[in-house]
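Here is a short set of exercises to work through with the structure open beside you. Try each task before you read its solution.

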Amino acid sequence: MSNSWPITLGLALLQVPLVAAGTAWYARKARAGQYIRPEGPQTHAAKAGTPTMAGMVPLIGLVLVVGLAAAVGVRLTVRTAFVFVACGAGASMGLVDDLLSQRGRRSQGIPARVMLPLQVLAACGLYGLTFLLPQTQLLVPFSQVPLSTELLPSWAVFLLVIVAYPAVVNAVNMSDGLDGLASGCVVLVLLGALPLVASSPDLVALVVLGVASCIGFLWVNSHPAGAFLGNVGSMGLGGLLFGVYYAGGALLLLPLMGGFL
């Protein structure tokens, strides 16, 4: 997306109450309740039955506002598409996992031995899309000298993507256990990306709109949580983080920015 600050900020301000209202509506209508792992803390047992899969609302809100921005003349970019593919792949795997969990009436849907290969397969697809991105300058921790992906052998970029994507998606997914935890952490990590991607207005716009979506969701997800992200939301937001940080050249800084995930 191009540098259209009035449109971006206007959409973000509109997005917060709409996502909050949409999440509250979903929490009233949803029949999908959270199943709690039996080995977890007993204090979490009280959260059983809380509406889950509500993470679809902020993700749909993000797609809608970006589509609205495009409709009013904001130009979408290859980087925007890359971020959405990374986000959509995570959300799709999470949605299937949630549906299987609901069907089986248990906390786990897709077994880990199946989920990890699926995530690696999605990462392979993302690696193929990296060739469509503009030349990426990777910021290196504790260094003033960026590292161009064009100078790296293809196998190194491949390993970076197939390791980082599952790691980020699973980190956000694993942090989703307490009221407001995962979505609150994602807000902080996205805000941390702002100075790192400041030279890419399209990514800055996505960060602002992503933060707005998460803040709207937090209105319902904060303690006491009226709805949970579900794997569709947590894995989708993990994909969003990966996409923004990779396309913005800040992926190597993500372990520092999001180490608490």
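**Exercise 1. A loop residue**

In which loop is Met-53 found? Work out as well whether Met-53 is buried or exposed.

Solution. Keep in mind that this is a predicted model. Start with the position: Met-53 sits in the loop between helix H1 (5-29) and H2. Next, look at the backbone, where the phi of Met-53 is near 70 degrees, a positive value in a residue other than glycine. Last, take the accessibility: the cut-off for buried is under 20%, and Met-53 has 6% relative accessibility, so Met-53 counts as buried.

**Exercise 2. A second positive phi**

Find where Phe-142 lies, and decide whether Phe-142 is buried or exposed.

Solution. Phe-142 belongs to the loop between strand S1 (137-138) and strand S2 (147-148). Its phi is near 60 degrees, again a positive value in a residue other than glycine. Exposed requires over 50%; with a relative accessible area of 83%, Phe-142 is exposed.

**Exercise 3. Checking a helix**

Test whether the length of helix H2 (residues 56-71) fits the expected rise of 1.5 Å a residue. Then list its buried residues.

Solution. The 16 residues of H2 should span 22 Å, and the end C-alpha atoms are 22 Å apart, which agrees. The buried residues of H2 are Val-57, Pro-58, Leu-59, Gly-61, Leu-62, Val-65, Val-66 and Ala-69. To read such a list, recall that an α-helix has 3.6 residues a turn, so residues three or four places apart point the same way. Just past the end of H2, Gly-73 has a positive phi of about 110 degrees.

**Exercise 4. Two helix packings**

Classify how H7 (residues 201-221) packs against H2 and against H8.

Solution. Two packed helices are described by the angle between their axes and the distance between the axes.

- Step one: H2 and H7 pack at about 140 degrees with their axes 9 Å apart. Roughly antiparallel needs an angle over 145, and H2 and H7 are therefore oblique to each other. Their crossing is right-handed. Pro-58, Gly-61, Leu-62, Val-65 and Val-66 of H2 make this contact with Leu-206, Leu-209, Gly-210, Ser-213 and Phe-217 of H7.
- Step two: H7 and H8 pack at about 160 degrees, with axes 11 Å apart. H7 and H8 are therefore roughly antiparallel, and their crossing is left-handed. On the H7 side the contact uses Leu-203, Val-207, Gly-210 and Cys-214; on the H8 side, Leu-237, Leu-240, Val-244 and Ala-247.

**Exercise 5. Aromatic pairs**

How many aromatic pairs are there? Describe two of them, starting with Phe-82 and Tyr-246.

Solution. With ring centres required to lie within 6.5 Å, the count comes to six aromatic pairs. The rings of Phe-82 and Tyr-246 have centres 5.6 Å apart and planes at 40 degrees, so this pair is tilted. The pair links distant parts of the chain, with Phe-82 in helix H3 (residues 78-104) and Tyr-246 in helix H8 (residues 230-247), 164 residues apart. Both Phe-82 and Tyr-246 are buried.

Now take Tyr-165 and Phe-242: this pair is edge-to-face, at 5.2 Å centre to centre and 80 degrees between the planes. Tyr-165 lies in helix H5 (residues 154-175) and Phe-242 in H8, so the pair ties together parts 77 residues apart in sequence. Tyr-165 and Phe-242 are both buried. To finish, put the rings together: ring pairs link Phe-82, Tyr-165, Phe-242 and Tyr-246 into a cluster.

Terms used:
Residues numbered from 1 in each chain as written. Predicted model: local features only at pLDDT ≥ 70, side-chain atom pairs only at ≥ 80, totals over all residues. Heavy atoms only, no water. Helix = DSSP H or I, 4+ residues; strand = E, 2+ residues; numbered from the N terminus. Expected span 1.5 Å × (residues − 1). Buried < 20%, exposed > 50% of the residue type's maximum accessible area, 1.4 Å probe, protein only. Phe/Tyr/Trp six-rings, centres within 6.5 Å; stacked < 30°, edge-to-face > 60°. Axes fitted to C-alpha atoms, helices over the stretch in contact; angles between N-to-C directions. Parallel < 35°, antiparallel > 145°, perpendicular 65-115°, else oblique. Left-handed = near helix turned anticlockwise from the far one by under 90°. Contact = heavy atoms within 4.5 Å.
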